[in-house]
Amino acid sequence: MPFLKQHMKSLILLSVFLAGLLITAPYANFQDFLSTGDHGRDLYAAQAVWRGELPYRDFWWVYGPLTPYYYGLFFKIFGVKISSMILGKLTLRIIGGILICLGMMEIASPIAAFLCGCWFMLFHQDFFFTYNHLAGIVMILGVIFCLLSYIKTNSLKAAWGALAFIFILCLIKINFGLAALAATLITVGGNDYVRRIPVNSAKKSFYAVGIIGLALVIFFIYWSLLKGLTSMEIRQCLPYKEGDQPFSISPWAAVGIFIKATLNGIKSNWTNLAFAVIINLSALRCFYLLLKNKIPADRKTNFILSLSALCLLFMFNSHEYLKSGVWYREFWAQPLTMMIIFLLIDTATQSVNKVVRKLVFSFISIMAVICWVLFLRQVNSYKIDSQYLSLPRGGIYITNSPSWISTVLQTTDFLNHTLKPDELFFALPYDCLYYYLTGKRTPTRQLIFFEHIKIPLEQEKSVIAELEKNHVNYVLLSNRAFVRQEIGMGFLGTTYCPLIGKYINDHFTPIARFGEWKDEPGWSWNHGTLILKRR
């Protein structure tokens, strides 16, 4: 039909958008785990910036300065509730699916582009500990869309578009922004070299802005926000120097762990095994087609350059994982894996029998639908009263234990009934969620106190001075202050912050205790709180 052919791209994008609404709808009032530290930090930051506070300078913040403003906008429009934050996150997931689809339409068939977009929205593993990183993933997908468009069209507008996405990415997670910049410059240069495109004045301007201009603008933005902080406070906000992270491993060991985890995932069920067989057969067939020159020359060049760009970004996006071996840091590269997989499958099946091609894509589609139904059942199983965070600023279902939820409810209720309207409290070692749930400002710039943060004595004195200046009469101390097993956490007053520990012991006395204090405290489990009042 002429209409369908003429509007194919728009119809595919509309289909991805509608599929995204269907996929994300069950999560509108649901979150897997909620932590008092990491999620509390993000929630607090989103409301703090709209009070006029600045990231880094007015409160500790460990990512780029942009996302608190993005999520704060959702607070402004939809109200200060965790569900508003989740809505912002789901919006990003749908935008990511659309960008993947746009990128894939530059190098693959419409059906492959549609399925890849849906695959991302359905299967991309969530950064369970922060709302920040999905925004970075979306910008990376914007970069790869522009690069694939540049490879196809050689249009300098696409290359400039990549720089625009990189600029935003640098304000979300600066190391990934710089990694994407390096990959972009290599890809554009490699494409021009292969196609023998001369470096004219317009291209020189592009390289000058990419190498010098963008770096200067980003440096100025970060400098303006970080000026006035000590060198250690800056390292706590941008922990990229050696020794700033509690985890370190050799890249080869990280690769070994990744391969082992991948093989275990393949063997875990028959659908994973079947999908792995399809991927490997597709990769082998693509290699055969390239080796035998069975792909037309122009298409072959586009395929090799596009696959190279995807692999390059995959490698660059794995740098945090390769340095730490922390499993969830490989999530940054996962969308690139999906695009590589669907490019291989689409290329391999274009020259086979049409029935085989339809069977392959039908199997993938059916598998996606079955998984969506299973996910839906799992999410709905948690939508019961005992899993509901029934607070004005909560209003979502979570998978934390009922005892964890009860502790948060009791602690928040106690604080709301005990504190005067303009009275502040001090939460430590890392329990910003209570600042958010009570609507209180932090009395100190520093929000996190753990052994791996390496707070020096001078900074401790500064924190104590802030407590005195703000006339803080109440302290909330969680059992995360006393961790035996988890690396980098430590014992408050013993392995870290001895002055703050002594200050609390000398000037405050316990008045209320909630939750679990027998078992080892965890990131979002075995949660206990102790409320202390100034003597």
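Arg513 stands opposite Leu530 in strand S7. That pair opens our first exercise, but a quick word on ground rules comes before it. The model is predicted, so local features need pLDDT of at least 70 and side-chain atom pairs count only at pLDDT 80 or more, while totals for chains, interfaces and linings use all residues. Residues are numbered from 1 along each chain as its sequence is written, and side-chain values use heavy atoms, with hydrogens and water left out.

**Exercise 1. Work out which strands lie at the edges of the sheet with order S4-S5-S7-S6.**

Step 1: Get the terms straight. Strands (E, at least two residues) and helices (H or I, at least four) are DSSP runs numbered from the N terminus, and two strands pair if DSSP finds at least two bridges between them.

Step 2: Read the order. This open sheet has 4 strands, and its pairing is mixed.

Step 3: Look for strands that pair on one side only. These are S4 (425-428) and S6 (508-515). From one strand to the next, the twist averages 20 degrees.

Step 4: Check one pairing. S6 runs antiparallel to S7 (residues 528-534), with 7 bridges.

**Exercise 2. Find the bridge partner of Phe30 in S3.**

Step 1: Place the sheet. It is open and mixed, with 3 strands in the order S1-S3-S2, and its edge strands are S1 (30-31) and S2 (388-389).

Step 2: Pick the pairing. S1 and S3 (residues 396-398) are parallel over 2 bridges.

Step 3: Name the partner. For Phe30, that's Tyr397.

**Exercise 3. Test whether the span of helix H9 agrees or disagrees with its number of residues.**

Step 1: Set up the rule. The expected span is 1.5 Å times one less than the number of residues.

Step 2: Apply it. H9 (residues 174-195) has 22 residues, so it should span 32 Å; the end C-alpha atoms are 31 Å apart, which agrees.

Step 3: Look past the end. Arg196, just after H9, has a positive phi of about 60 degrees.

**Exercise 4. Sort out which salt-bridge residues are buried and which are exposed.**

Step 1: Fix the cut-offs. A salt bridge puts a side-chain nitrogen of Lys or Arg within 4 Å of a carboxyl oxygen of Asp or Glu. Buried means under 20% relative accessible area, exposed over 50%, and partly exposed in between (1.4 Å probe, protein chains only).

Step 2: Count. The structure holds 13 salt bridges.

Step 3: Try Lys173 and Glu320. Their closest N and O atoms are 2.7 Å apart. This pair links distant parts of the chain, 147 residues apart: Lys173 is in the loop between H8 (156-170) and H9, and Glu320 is in H15 (residues 319-324). Both Lys173 and Glu320 are buried.

Step 4: Try Asp38 and Arg41. They meet at 3.4 Å, N to O, and both are buried. Both sit in helix H3 (residues 38-48), 3 residues apart, about one turn of the helix.

Step 5: Try Glu458 and Lys461. Their salt bridge is 3.5 Å, N to O, and both lie in helix H20 (residues 457-469), 3 residues apart. Glu458 counts as exposed because its relative accessible area is 57%, while Lys461, at 46%, is partly exposed.

Step 6: Add the general idea. An α-helix has 3.6 residues a turn, so residues three or four places apart point the same way.

Technical notes. Axes fitted to C-alpha atoms, helices over the stretch in contact; angles between N-to-C directions.
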